[in-house]
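The report below introduces a protein chain to a reader who has not met it before. Please look over the sequence and the structure first, and then read on.

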Amino acid sequence: MQEMCRYEESSELPGQLSEIENLLSDFNQSLSAYMDEMTYDPEELKRIGDRLDLINNLKAKYGRTLEDVRTTADTLEQELEELTKADEEIGRLRGELEDADKDLRKEADALTKLRKKAAEPLAAEVRTALLDMNFTHVEFYAKIEPLAEVTAEGQDSVIFCLSTNLGEEPKPLHKVASGGELSRVMLALKATLSDAADTPTLVFDEIDVGISGITAQKIGELLQRLAKTRQILVITHLPQIAAVGDTAYRIDKQVVGEKTITSITELDQEGRVTELARLLGGDKITDAILQSARELLAK
């Protein structure tokens, strides 16, 4: 450019180009200094990359923006604080549970003592009642054994054991008693506990199996006593028991066509006399049997 300007001394181009050269020189120095200050750290780059990945994953899971992520974080922190307090609440509730368990076992112990205290007097009364109902030999007692855990009924297993034959070991009632024996044991229990029991209606189905005479009369007296405080329904074939009821019904079963029909008829006074006479004498009813039926009913 200077060579060219020898032909035109007034040209300013060389001066401008010189200034540009100086500026470029200054820029190169500044750029060199800037590059000298820069450092490349692979670990820092990886850390930043990992953080960017984490941020993107959080945004994908908890919201499109970082603000959404921050809102979720605040909510989770609050829940965490509540869970931390929940540990304290659990500790308090465990303490209450331990106290309640102590109270429960105390009450269960008291119930066990009451049961053991009442078991023998109850068994003695039931034995007496059973002996009155044609049991020639009776062993009856309540077997009380501890349970592994306390239940709503206490900490005991209570099983009634019965033996009606001499030389036989008493065994659980539900395993050894016949239907008639179960009914009479239930009658003996209900009679013994009549003042404490609150069952409003009792049904006895043929508790007269295998009995007669004075035994039947004793059962009738027990039923009468129970009937003073509750409704008693008795199915019987014994005139001594049928006679003590306040109301009597005859149940008939007959085949009509191809169906079996059961009918129930309430009996008036004469109807009761007739049925009692039939139970006393069978199909052949005499005046003497009718008179006996009237006397039995009146008695």
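## A kinked helix and its surroundings

In helix α3 there is a kink of about 30° at Ala 119, shortly before the proline Pro 121, where the bend at a residue is the angle between axes fitted to the seven residues ending there and the seven starting there. Helices (H or I, at least four residues) and strands (E, at least two) are DSSP runs, numbered from the N terminus. This is a predicted model, in which local features need pLDDT of at least 70 and side-chain atom pairs count only at pLDDT 80 or more, while totals for chains, interfaces and linings use all residues. Residues are numbered from 1 along each chain as its sequence is written, and side-chain values use heavy atoms, with hydrogens and water left out.

The helix α3 covers residues 66-131, and because its 66 residues should span 98 Å at 1.5 Å a residue (times one less than the number of residues), the 90 Å between its end C-alpha atoms agrees. Among its buried residues (under 20% relative accessible area, 1.4 Å probe, protein chains only) are Ala 119, Leu 122, Ala 123, Val 126 and Leu 130.

Leu 130 is also one of the residues that touch the most other members in the largest nonpolar core, which has 29 residues; such a core is a set of buried Ala, Val, Leu, Ile, Met, Phe, Trp, Tyr and Cys residues joined through side-chain atoms within 4.5 Å. At least two residues of this core come from each of α3, α5 (179-192), β4 and α6 (213-226). Phe 140, likewise listed among those residues of the core, touches Ala 123, Val 126 and Leu 189, among others, not counting residues up to four places away in sequence (contact means heavy atoms within 4.5 Å).

The strand pairs are set out here, two strands being paired if DSSP finds at least two bridges between them.

| Strands | Sense | Bridges | A bridge pair |
|---|---|---|---|
| β1 (residues 139-151) and β2 (residues 154-163) | antiparallel | nine bridges | Phe 140 and Leu 162 |
| β4 (residues 201-205) and β5 (residues 231-235) | parallel | five bridges | Thr 201 and Gln 231 |

A hairpin through two residues joins β1 to β2. Along β4 the side chains alternate, with Leu 202 and Phe 204 buried on one face, whereas Thr 201, Val 203 and Asp 205 point to the other and are not buried.

As for confidence, the chain has a mean pLDDT (the predictor's confidence in each residue, from 0 to 100) of 88, and 98% of its residues reach 70 or more. Confidence is lowest in α5, at a mean of 81, and highest in strand β7 (residues 259-266), at 95.

How values were computed
Buried < 20%, exposed > 50% of the residue type's maximum accessible area, 1.4 Å probe, protein only.
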